Amino acid sequence: MSLFPLADYWWFYALFTVGVCGLLALDLGVFHRQAHTVSFREALGWTVVWITLAMAFCFALWRYAEWKLPQDPRLLAAGLTAESAVGLARQTALEFLTGYVVELSLSVDNIFVFVVVFTFFGIPPQYQHRVLFFGILGALFFRVVFISLGAVLMKFHWVIWVFGGFLILTGLKILFAPEKPMDPEKNPLLKLLRRFVPITSRFDGQKFFVRENGVLHGTPLLVALAAIEFSDIIFAVDSVPAIFAITKEPMIVFTSNIFAILGLRSMFFLLAGIVHRFRFLKYGLGVVLIFVGLKMAWLNELFGGKFPITWSLGIIAGVLGASVLASWLIPVRTPPPASPNAR
């Protein structure tokens, strides 16, 4: 039984979507109307803003659930008591918080991709925010599509096993498979784009398209945007099943994903210069994916249908925190200098 069925909460989805669009319009139309290089201080400020909004939403969701759930006739008919309603409301807020932490952590992989794409195509720093802005719009659209499909598929029990197994295999791949350098030129979406749109190497401010000899050409900004959109589709294949392992409430899946994506641009400008130092974070993410896969396919059933959400949050936060701390404390091993007498 869904706590927030779409038929009853369509107004929330509509208001939430309008609010997100308003925030994005304010971001691009007011604060980033003129192309400029995003400073560390500005990125830090926006990161704090997006995280604060997510935490405020989490608190509001908790209080709303405490007020609304005891009045739900479906839950009352199922024997819901005042005490169990309070516990259910708390669990709802913790599921949002856990999902947000997981999605935000998995988004760090996107930052590595952004760095590679912008470096490869030589995108000037003052234009990177515009590319990421439209990349976020595309990411929001594709996440909605993936979440909608996931919500439908999760009604079939065998899908839980498939998603859980996929997450476990993905985590094992992150832990043990050798890293392959990313080559944006091999992106299949770029090859398809170039078949239909001529590409120029010339920049014309923040424009994605320019006319040369009367023919419309895509600029390097368009090529970078296409590469970023394709990478997000790939990452969504991992992240959407991961959040469904935390909660089966589509509204929590939707909102936690959106808040994580909204904060991704500011995180990029905040961490782009130091993200290479988090060399153990990928192992932490691998362990987290294995854990959520096990939770979905086995642990939930082992604990009577629901693995304790407080344990999940503690394990995930502990693993990610330990991987980040290890990255800072353990120095990088460098080969010893060659002996001057060596030949």
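The following questions and answers concern a predicted model of one protein.

Reader: What radius of gyration does the protein have, and what would a compact globule have with 343 residues?

Author: The C-alpha trace spans about 75 × 65 × 40 Å along its principal axes. For 343 residues, a compact globule would come out near 20 Å, and the protein's value agrees with that. The radius of gyration of the protein is 22 Å.

Reader: How many helices and strands are there, and what percentage of the contacts between residues at least 6 apart in sequence join residues at least 24 apart?

Author: The protein holds 13 helices and two strands. Among contacts between residues at least 6 apart in sequence, the share joining residues at least 24 apart is 79%.

Reader: Which helix gives the largest share of the largest nonpolar core?

Author: The largest nonpolar core has 100 residues, and those with the most contacts inside it include Phe16, Phe118, Val131 and Phe244. The largest share of this core is 15 residues, and they come from residues 220–246, helix H9.

Reader: With which residues is Val131 in contact, leaving aside neighbours within four places in sequence?

Author: Val131 is one of the residues with the most contacts inside the largest nonpolar core. Once neighbours within four places in sequence are set aside, its contacts are Phe118, Phe208, Leu221, Ala224, Leu225 and Ile228.

Reader: Is helix H11 largely enclosed or exposed?

Author: H11 covers residues 264–271, and eight of its eight residues are buried. Among them are Arg265 and Ser266, along with Met267, Phe268 and Phe269. Because of that count, the helix is, with respect to the rest of the structure, largely enclosed.

Reader: Are Arg143 and Asp232, which form a salt bridge, buried or exposed?

Author: The closest N and O atoms of Arg143 and Asp232 are 3.1 Å apart. Arg143 lies in helix H6 and Asp232 in helix H9, so the pair ties together parts that are 89 residues apart in sequence. Buried means under 20% relative accessible area. Arg143 has 4% and Asp232 has 5%, so Arg143 counts as buried and Asp232 also counts as buried.

Reader: Which residues are joined into one network by salt bridges that share partners?

Author: The structure holds seven salt bridges. One of the pairs is Asp204 with Lys207, at 3.5 Å from N to O. Salt bridges with shared partners make one network of Glu103, Arg143 and Asp232.

Reader: How far apart are the closest N and O atoms in the salt bridge between Glu66 and Arg63?

Author: Both residues lie in helix H2, three residues apart, about one turn of the helix. In an α-helix there are 3.6 residues a turn, so residues three or four places apart point the same way. Glu66 is partly exposed at 24% relative accessibility, and Arg63 is partly exposed at 41%. The closest N and O atoms of the pair are separated by 2.8 Å.

Reader: Which helix gives the most to the nonpolar surface patch?

Author: The patch, of about 780 Å², includes Phe141, Val145, Leu149, Phe156 and Trp158. Val145 has its place in helix H6 and is partly exposed, with a relative accessible area of 34%. H6 and H7 each supply at least two residues of the patch. The most, five residues, comes from H6.

Reader: What percentage of the area that the protein exposes is supplied by carbon and sulfur atoms?

Author: Of the 343 residues, 46% count as buried. The protein exposes about 17,800 Å², and the part supplied by carbon and sulfur atoms is 70%.

Terms used. Residues numbered from 1 in each chain as written. Predicted model: local features only at pLDDT ≥ 70, side-chain atom pairs only at ≥ 80, totals over all residues. Heavy atoms only, no water. Core = buried A, V, L, I, M, F, W, Y, C linked by side-chain atoms within 4.5 Å. Buried < 20%, exposed > 50% of the residue type's maximum accessible area, 1.4 Å probe, protein only. Helix = DSSP H or I, 4+ residues; strand = E, 2+ residues; numbered from the N terminus. Contact = heavy atoms within 4.5 Å. Salt bridge = Lys/Arg side-chain N within 4 Å of Asp/Glu carboxyl O. Patch = residues over 30% accessible without salt bridge, like charges linked within 9 Å, V, L, I, M, F, W, Y side chains within 5 Å. Areas by Shrake-Rupley, 256 points an atom, 1.4 Å probe, with all protein chains shown as cover. Rg over C-alpha atoms; globule rule 2.2 N^0.38 Å.
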